[in-house]
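Work through the exercises below with the structure open. Try each task before you read its solution.

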Amino acid sequence: MRVTKKKTSLTLHRGATLSIQPRIRKGAFFEASWRYGCRKFSVYNRTFISSTFSDPLEEYWKVIKDVAIWPVMGERQVEISGPDAAEFVQFLTPRNMSKCAVGQCKYALITAADGGIVSDPIILKLAEDRFWLSTSDSDLELWANGVAVHSPFRNVTIRDANVSVIQVQGPKSPRLMANLFGEEVLDLRYYWFMPADFQGHELKISRTGWSGEFGYEIYLENPDQGDALFDALMEAGQSSNVAPGAVSQIRRIESGILSWGVDMGLDETPFEVGLGRLVELETTPDFVGRAALEALKDKPLSKTLVGLTIGGDALETNETAWPLFAGELRAGKLTSLAYSPRLESNLALGLVAPEHADIGTTFSVETWRGTQRATVSKFPFLPKLQSGNARELFAASAV
């Protein structure tokens with residue numbers, strides 16, 4: 001299909017502000033974030049989440065070289081519990097949960113009847129009959145309640161667990177965590193979690209994170225402890241050059257971490273965004289979307305996820321879809337972009353027609369600086385370092 005390229009004002013909403021509204025939840029770390037200098041927030045799962053404390057580039061280097069604290073209050077926990085909880089959670093996802101042990105986490109997709117991606121939570125198995133679905137910015141709680149009404153597994157309770165999450169990310173995160181919670185945390189395996197005591201209350205620590213770097217997530221169930229935990233983390237990280245910050249879009253794009261609602265969503269299937277490995281048809285019993293995904297598994301893709309580079313000076317980070325053109329033909333869309341200081345290039349993710357997905361293929365795209373050339377590149381751009389050895393990093397951070 002040929003379309004006429006229409007120039008629009010990409011700068012129309014730049015510099016816009018967001019008012020603090022009582023209808024939007026603040027989360028346990030909002031006041032501490034404000035005290036430590038955060039003045040830019042966005043909304044994630046109807047909850048305020050920090051956008052930046054200082055400068056995105058400074059915060060990028062912090063998570064690369066030292067340790068950063070990210071108060072991600074919008075990362076809500078949808079709790080599913082009850083006698084049918086295990087079967088119901090399995091009914092929601094094509095990921096095989098039968099071998100998930102208590103204390104283990106699984107990255108999973110929640111799929112719709114047509115195979116589209118509803119959400120991509122990390123599932124934490126708290127007990128045989130109790131789970132947390134650590135959700136992306138999606139209406140997963142409402143979706144789960146709707147599925148429960150029509151599923152055979154109705155003996156479940158579904159609720160927002162009112163848990164606030166704070167991420168501790170970067171190569172010096174093991175030292176900070178050991179300073180605060182003891183060296184036992186250094187033995188926590190990747191994609192597992194453990195309980196820990198904080199001032200007489202239990203919280204949970206997982207070896208997960210959204211940075212591509214080594215890190216942890218802390219799940220706080222007692223919101224009254226938000227200020228105290230934030231302060232304790234800052235104090236425990238003083239020797240590691242800690243600083244508060246926000247999720248680094250630069251680092252997540254470098255390492256190929258996808259953002260639901262930006263790089264994928266209800267209009268994409270797992271196969272189109274390179275997550276087919278999470279559709280375990282051979283070992284997973286019935287789930288929402290099975291018939292559609294079985295039919296799509298061996299069919300040609302209508303679009304596919306690619307990595308893109310754009311030369312020239314650094315472009316401001318963007319997560320608004322920009323059309324990609326091959327000549328006058330609209331061939332797809334650029335979904336997210338950030339400038340990588342290590343690779344000295346603008347890096348982007350995009351969804352394009354398969355015939356335009358070969359490395360070296362070029363497109364024209366309208367950016368903040370006018371029309372520029374985007375080139376399909378090797379992807380991911382830089383490796384993930386999430387599964388490193390905590391004790392080695394602990395020792396190295398003492399040098």
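## Cysteines, helices and backbone

**Exercise 1.** Is Cys100 buried or exposed? Do the task for Cys105 too: buried or exposed?

*Solution.* Keep in mind that this is a predicted model. Step one: take Cys100, whose relative accessible area is 3%. Buried means under 20%, so Cys100 is buried. Step two: take Cys105, with a relative accessible area of 2%. Cys105 is buried as well.

**Exercise 2.** How many disulfides does the model contain?

*Solution.* Recall the chemistry: a disulfide is a covalent bond between the sulfur atoms of two cysteines. Step one: find the cysteine sulfur closest to that of Cys100; it belongs to Cys105, 7.6 Å away. Step two: start from Cys105 instead; the closest cysteine sulfur is in Cys100, again at 7.6 Å. Step three: apply the cut-off, which asks for sulfur atoms within 2.5 Å. The distance of 7.6 Å is too far for a bond. The count is zero disulfides.

**Exercise 3.** Describe how helix α5 and helix α6 pack.

*Solution.* Two packed helices are described by the angle between their axes and the distance between the axes. Step one: locate the helices, α5 at residues 173-181 and α6 at residues 226-236. Step two: note the angle of about 120° and the axes 8 Å apart. Step three: classify the angle. It lies outside the range of 65 to 115 degrees for roughly perpendicular, and it is not over 145, so α5 and α6 are oblique to each other. Step four: add the handedness; the crossing of α5 and α6 is right-handed. Step five: list the contact. From α5 come Leu176, Asn179, Leu180 and Phe181. From α6 come Leu229, Ala232, Leu233 and Ala236. Step six: sort these residues; seven are nonpolar, one is polar and none is charged.

**Exercise 4.** Which two residues does a cis peptide bond join?

*Solution.* Step one: look for an omega of about 0°; the bond between Phe379 and Pro380 has it. Step two: place Pro380. It sits in the loop between β21 (370-377) and α9 (390-396).

**Exercise 5.** Where are Gln199 and Glu344 found, and what is the phi of Gln199 and of Glu344?

*Solution.* Step one: Gln199 is in the loop between β12 (193-198) and β13 (201-206). Its phi is positive, about 50°, although Gln199 is not a glycine. Gln199 is exposed, at 55% relative accessible area. Step two: Glu344 is in the loop between β18 (329-340) and β19 (345-352). Phi of Glu344 is positive too, near 50°. With 62% relative accessibility, Glu344 is exposed.

How values were computed: Residues are numbered from 1 along each chain as its sequence is written. This is a predicted model: local features need pLDDT of at least 70, side-chain atom pairs count only at pLDDT 80 or more; totals for chains, interfaces and linings use all residues. Side-chain values use heavy atoms; hydrogens and water are left out. Buried means under 20% relative accessible area, exposed over 50%, partly exposed in between (1.4 Å probe, protein chains only). Axes are lines fitted to C-alpha atoms, for helices over the stretch in contact, and angles run from 0 to 180 degrees between N-to-C directions. Helices (H or I, at least four residues) and strands (E, at least two) are DSSP runs, numbered from the N terminus. Angles under 35 degrees count as roughly parallel, over 145 as roughly antiparallel, 65 to 115 as roughly perpendicular and the rest as oblique. A crossing is left-handed if the near helix is turned anticlockwise from the far one by less than a right angle, and right-handed if clockwise. Contact means heavy atoms within 4.5 Å. Ala, Val, Leu, Ile, Met, Phe, Trp, Tyr, Cys and Pro count as nonpolar, Asp, Glu, Lys and Arg as charged, and the others, Gly among them, as polar.
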